[in-house]
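The report that follows describes selected helices, a sheet and a chain contact, and is best read beside the coordinates.

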Amino acid sequence: MNRHLISAGDLSKDDALLILDTADELAQTAARPIKKLPTLRGRTVVNLFFEDSTRTRISFEAAAKRLSADVINFSAKGSSVAKGESLKDTAMTLEAMGADAVVIRHSASGAPHRLAGWVRGSVVNAGDGSHEHPTQALLDAFTMRRRLGRLGGLRVVIVGDVLHSRVARSNVLLLSTLGAEVTLVGPPTLLPVAVGAWPCEVSYDLDAALPKSDVVMMLRVQQERMNAAYFPSVREYSRRYGLDAARMGMLPEHAIVMHPGPMNRGVEIAAEVADSARSTIVEQVANGVSVRMAVLYLLLGGSEAQS
Amino acid sequence: MHAAHQDGSDPGSRDGPPGDPLIRSGQPGTPQASSPGSAGAASDKADGTGEPRPEGRRSVFEPADIGRALTRIAHEILERTNGAGDVVLLGIPTRGVPLAHRLAVRIEQVEGHPVPAGSLDITMYRDDLRLRPARALGHTAVPAAGIDGRIVVLVDDVLYSGRTVRAALDALGDIGRPRAVQLAVLVDRGHRELPVRPDYVGKNLPTSQREVVRVLLTEVDGEDAVLLSDSPGVPGIPGGGRAGR
């Protein structure tokens, strides 16, 4: 495995399966009276969050703590970044504090890549702009494999705001590596221009895609990144691309419904769908901790001289 | 009869690279790294029946010996624990796991009641994790009844430095609180680095630290054997020939 985890595309099939298998074992820890392993004792993990986040930051923090690493949380609000400190200067500060791993979320695509060139420790991308979010893709793949027992040949439909979604991009890259067939569905305005070059199918018709899918992943409509009108109204979007109970009825018996969160209930997903037995949304959060433990263990658990 | 109890989860399939068991039996590297001519010069005379193997390794414990040793250990466990009523057998991956299941089958044959057997991976508790790249984890399967208040018998193939057992004791402490912990090994090759003593030993095998002991089991390797070969430690890897046990 590489020293950093910047893009889901950097993972070979063997790397990805190693992470998923490791996460499978580590998931058992959560059921124990003592949910802690001594493996990363004495290592320092810095959570560097320039963008708001609840589940990802907490998930990484829980993962690092369960492996006995020391965790330093850094959020842009209330730090020197608010005074105008650059990413590089922040990186130097972290370096001086001896961070073994930096988990970074940033609104600029490519920030983790830059950071990786400045620090000696491992860099884990926890979401950069509309670029990538590899650990989310890993936990999604992990959830699919747990629920459906396999990944090869699985038909996955990813629906909605693909344009602004780092989750969609990472999922397409990872799932195609793992042998799943991905179809992106959304209004043409919310699909990236270069989507034709991605290893996946593209469709504009959700109703046609649903009956032959094993997994439906609904994406959040990212209002905060939208600087133009991408669809006429929220109501029309919801009618054509939202997953309600009637649409859920078109899915095969075994199919599952996923959402990376946070959800806009009533926009891309109806409340009754989000709370149904097919929904893996809560499971995804729990699996996130196991997968991030696996990533931190595989990046930090071995010898340092492997670059 | 070898009571080849096949573990449904195939303990070998989830494990690290094929070289892993070798590394943990004392030598990081491939067996071919040993100089072919030196094997015959190995000073070990514990077992004169060893037949030469092509790779310069000698068999020091025949399949029938392994079966007999396990049967004896099963009886010893029954004696020492008054019928193994509250015994839990936990094998340490990779090869401790099939051994634990074989012992469970033998105890059940004698006593008539099943003995829970499982596996305990100790990778996350090792003290040499930072010496080499991160390893794949083995499978941990603790029997549903748990280990609280029971007698846990740890089962492993080779006892060497004692570090694996130290790690296993730490791992046990995070799972529960057994009434007692005992240790069963197929081969004790000596050279302890920690104050660890086995309760049940299949065979005491005097070795030099340069030698490599490798246990093969049908469930993992397709055959039962204990092989001894002479091999210098691989330079460049800290800990040389004694990374694991």
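A residue is called buried here if 20 or more other C-beta atoms lie within 10 Å of its own, and exposed if 12 or fewer do. The model is a predicted one, and the values below are computed from it.

**Two covered helices of chain A**

By that criterion α5(A) is mostly covered, since the cut-off for burial is 20 or more neighbours, and 12 of the 15 residues of α5(A) are buried. The buried residues run from the start of the helix and comprise Pro134(A), Thr135(A), Gln136(A), Ala137(A), Leu138(A), Leu139(A), Asp140(A), Ala141(A), Phe142(A), Thr143(A), Met144(A) and Arg145(A). They pack against α1, β4, α6, β8, β9 (256-258) and α11 (281-300) of chain A.

Helix α6(A), residues 166-177, is likewise mostly covered, with 11 of its 12 residues buried. The buried set includes Arg166(A) and Arg169(A) as well as Val172(A), Leu173(A), Leu174(A) and Leu175(A). Its packing partners in chain A are α1 (13-27), β4 (122-128), α5 (134-148), β5 (155-159), β6 (181-185) and β8 (215-218).

The table sets out the lengths and the residues that follow these helices.

| Helix | Residues in helix | End-to-end C-alpha distance | Expected span at 1.5 Å a residue | Glycine after the helix, with phi |
|---|---|---|---|---|
| α5(A) | 15 residues | 21 Å | 21 Å | Gly149(A), positive, near 85° |
| α6(A) | 12 residues | 17 Å | 16 Å | Gly179(A), positive, about 95° |

For α5(A) the distance between the end C-alpha atoms agrees with the expected span, and for α6(A) the reach of 17 Å is close to the expected 16 Å.

**The contact between the chains**

Across the boundary between the two chains, 17 residues of chain A are in contact with 17 residues of chain B. On the side of chain A, α1 and α11 each supply at least two residues, and the largest share, 4 residues, comes from α1(A). Sorted by class, this side of chain A has 6 nonpolar, 7 polar and 4 charged residues. Both α1 and α11 of chain A are also among the elements against which the buried residues of α5(A) pack.

**Chain B as a whole**

Chain B has 5 helices and 8 strands, and from the N terminus on its elements run α-β-α-β-α-β-β-α-β-β-β-α-β. Of its 245 residues, 47% count as buried. Among contacts in chain B between residues at least 6 apart in sequence, 73% join residues at least 24 apart.

**A helix pair in chain B**

Two packed helices are described by the angle between their axes and the distance between the axes. The axes of α2 (residues 63-80) and α3 (residues 96-111) of chain B come within 9 Å and cross at roughly 60°, and the crossing is right-handed. From α2(B) the contact involves Leu70(B), Thr71(B), Ile73(B), Ala74(B), His75(B), Ile77(B) and Leu78(B), which meet Arg102(B), Leu103(B), Arg106(B), Ile107(B), Val110(B) and Glu111(B) in α3(B). These residues divide into 8 nonpolar, 2 polar and 3 charged.

**An open sheet and its neighbouring loops**

Chain B also holds an open sheet of 3 strands in the order β1-β8-β7, with antiparallel pairing. Because β1 (57-61) and β7 of chain B stand at the edges with a single partner strand each, one side of each is left without a neighbour in the sheet. The twist averages 30° from one strand to the next. Strand β7(B) is joined by 6 bridges to β8 (residues 225-230) of chain B, the two running antiparallel, and Val212(B) has Ser229(B) in β8(B) as its bridge partner.

Loops lie on both sides of β7(B) in sequence, and one residue may be taken from each. In the loop between β6 (200-204) and β7 of chain B, Pro206(B) is partly exposed, because 14 other C-beta atoms lie within 10 Å. The C-alpha atoms of Pro206(B) and Asp121(B), 85 residues apart along the chain, are separated by 27 Å.

In the loop between β7 (211-216) and α5 (218-221) of chain B, Leu217(B) counts as buried because it has 27 C-beta neighbours inside 10 Å. Leaving aside residues up to four places away in sequence, Leu217(B) touches Arg95(B), Pro98(B) and Asp224(B). Leu217(B) and Ile66(B), which are 151 residues apart in sequence, are 9.6 Å apart in space, C-alpha to C-alpha.

Conventions: Residues numbered from 1 in each chain as written. Chains lettered and ligands numbered in written order. Predicted model: local features only at pLDDT ≥ 70, side-chain atom pairs only at ≥ 80, totals over all residues. Expected span 1.5 Å × (residues − 1). Contact = placed C-beta atoms within 7 Å. Nonpolar A, V, L, I, M, F, W, Y, C, P; charged D, E, K, R; others polar. Axes fitted to C-alpha atoms, helices over the stretch in contact; angles between N-to-C directions. Left-handed = near helix turned anticlockwise from the far one by under 90°. Pairing = 2+ DSSP bridges.
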